[in-house]
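Me: Let us work through this model by questions, one element at a time. Keep the replies short.

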Amino acid sequence: MSQSIGILELTSIAKGIELADLMLKSAGVTLLASKTLCPGKYLVILGGDVGAVQQSIASGTQQSGDTLVDSMVIPRLHPSILPAISGLTPVDQRQSVGVVETWSVAACVEAADAAVKAANVTLMRIHMAFGIGGKCYMVLAGEVSDVRNAVQVASDTAGAKGLLVNRCVIPRPHDALWRQLVQEA
């Protein structure tokens with residue numbers, strides 16, 4: 001039994017609440033998050049066995065109509081993803097930094113999972129759509145070649161859905177920027 005997550009992101013708060021209930025009733029899943037996002041979007045994150053999560057997300061997607069922004073299921077979630085969503089993963093020494101910005105939370109989480117599975121990087125944070133116009137971004141740290149590889153993989157993943165906004169790699173971030181990145185939650 002694999003631990004997996006599924007995300008459904010919608011343009012309607014009311015529809016999001018309705019579908020959260022439907023998805024929870026359609027399969028044995030755990031509600032990890034059900035909340036509003038800027039600008040007036042709604043996010044549902046579910047966890048559990050891969051089959052149950054797939055069934056639940058499929059049920060929500062089928063009923064979402066024109067309110068669907070994005071959805072996805074990750075069958076074997078990398079262990080760094082949930083801590084990065086919840087806050088900041090500490091990094092002891094200054095390293096290269098990569099940032100990938102997407103139009104949806106689901107695309108960013110999916111891209112972050114692919115990035116940390118592809119390269120030896122630390123996923124410092126995933127900033128989800130609060131106060132940034134509904135966009136989402138991740139911050140990665142590591143050796144410059146690993147960060148470049150991770151940013152490329154993440155960009156390709158989000159870009160395949162047409163949801164990549166922009167990306168950057170900073171090989172030697174300024175001390176002031178680094179301090180802000182590692183202290184900001």
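**Sheet, helices and single residues**

Me: How many of the 9 residues of strand β3 are buried?
Reply: This is a predicted model. Strand β3 covers residues 41-49 and is largely enclosed by the rest of the structure. That follows because the buried residues of β3 number 8 of the 9.

Me: In which order do the strands of the open sheet lie?
Reply: The sheet has 4 strands, with antiparallel pairing. Its edge strands are β2 and β4 (68-74), each pairing on one side only. On average, neighbouring strands are turned by 10° against each other, direction ignored. The order is β2-β3-β1-β4.

Me: Which residue of β3 stands opposite L8?
Reply: Strand β1 (residues 3-10) runs antiparallel to β3, and 8 bridges join them. L8 has its opposite number in β3. That residue is V44.

Me: What is the bridge partner of T30 in β3?
Reply: Strand β2 (residues 30-37) pairs with β3 in the antiparallel sense, over 7 bridges. T30 has a bridge partner in β3. The partner is G47.

Me: Which residue in the turn of the β2 and β3 hairpin has a positive phi?
Reply: The hairpin leaves 3 residues between its strands. Most residues other than glycine have a negative phi. Here the positive value is about 75°, and the residue is G40.

Me: Is the peptide bond from C38 to P39 cis or trans?
Reply: P39 sits in the loop between β2 and β3. Most peptide bonds are trans. The bond from C38 to P39 has omega near -15°, so by the computed angle it is cis.

Me: Which residue of β4 stands opposite L10?
Reply: β1 and β4 run antiparallel, joined by 6 bridges. L10 faces a residue in β4. The residue is L68.

Me: What angle does helix α1 make with β3?
Reply: Helix α1 (residues 13-26) packs on the sheet. There α1 touches β1, β2 and β3. Its direction and that of β3 make about 15°.

Me: What angle does α4 make with β4?
Reply: α4 lies across β1, β2, β3 and β4. Against β4, α4 runs at about 30°.

Me: How far apart are the end C-alpha atoms of helix α4?
Reply: Helix α4 (residues 105-118) has 14 residues. At 1.5 Å a residue, α4 should span 20 Å. The model agrees with this: the end C-alpha atoms are 20 Å apart.

Me: How many of the 14 residues of α4 are buried?
Reply: α4 is mostly covered. Its buried residues include V105, A106, C108 and D113. The count is 10 of 14.

Me: Which residue caps the N-terminal end of α4?
Reply: The cap uses a side-chain oxygen. That oxygen lies 3.0 Å from the backbone nitrogen of A107. The capping residue is S104.

Me: How many disulfides does the structure hold?
Reply: A disulfide is a covalent bond between the sulfur atoms of two cysteines. The structure holds 0. C136 is in no disulfide, and its nearest cysteine sulfur, that of C108, is 3.5 Å away. For C168, the closest cysteine sulfur is also in C108 but 13 Å away, too far for a bond, so the total stays at 0.

Me: Which is buried, C136 or C168?
Reply: Buried means under 20% relative accessible area. C168 has 32%, so C168 is partly exposed. At 0%, the buried cysteine is C136.

Me: What separates the C-alpha atoms of I57 and M72?
Reply: I57 is in helix α2 (residues 50-63) and counts as buried, at 5% relative accessibility. Among its contacts beyond four places in sequence are L8, L46 and M72. I57 and M72 are 15 residues apart along the chain, yet their C-alpha atoms are separated by 7.6 Å.

Me: Which side chain makes a polar contact with the side chain of S80?
Reply: S80 lies in the loop between β4 and α3. With a relative accessible area of 17%, S80 is buried. Beyond four places in sequence, S80 contacts V116 and L123. The polar contact, at 2.8 Å, is with H78.

Me: Which residue's backbone oxygen lies 3.2 Å from a polar atom of the side chain of T89?
Reply: T89 is in the loop between α3 (81-86) and β5 (96-102). T89 touches P83, A84, T122, L123 and M124, leaving out residues up to four places away in sequence. The backbone oxygen in question belongs to L123.

Conventions
Residues numbered from 1 in each chain as written. Predicted model: local features only at pLDDT ≥ 70, side-chain atom pairs only at ≥ 80, totals over all residues. Heavy atoms only, no water. Buried < 20%, exposed > 50% of the residue type's maximum accessible area, 1.4 Å probe, protein only. Helix = DSSP H or I, 4+ residues; strand = E, 2+ residues; numbered from the N terminus. Pairing = 2+ DSSP bridges. Polar contact = N/O pair within 3.5 Å; in protein donor to acceptor, adjacent residues only side chain to side chain. Contact = heavy atoms within 4.5 Å. Disulfide = S-S within 2.5 Å. Expected span 1.5 Å × (residues − 1). Axes fitted to C-alpha atoms, helices over the stretch in contact; angles between N-to-C directions.
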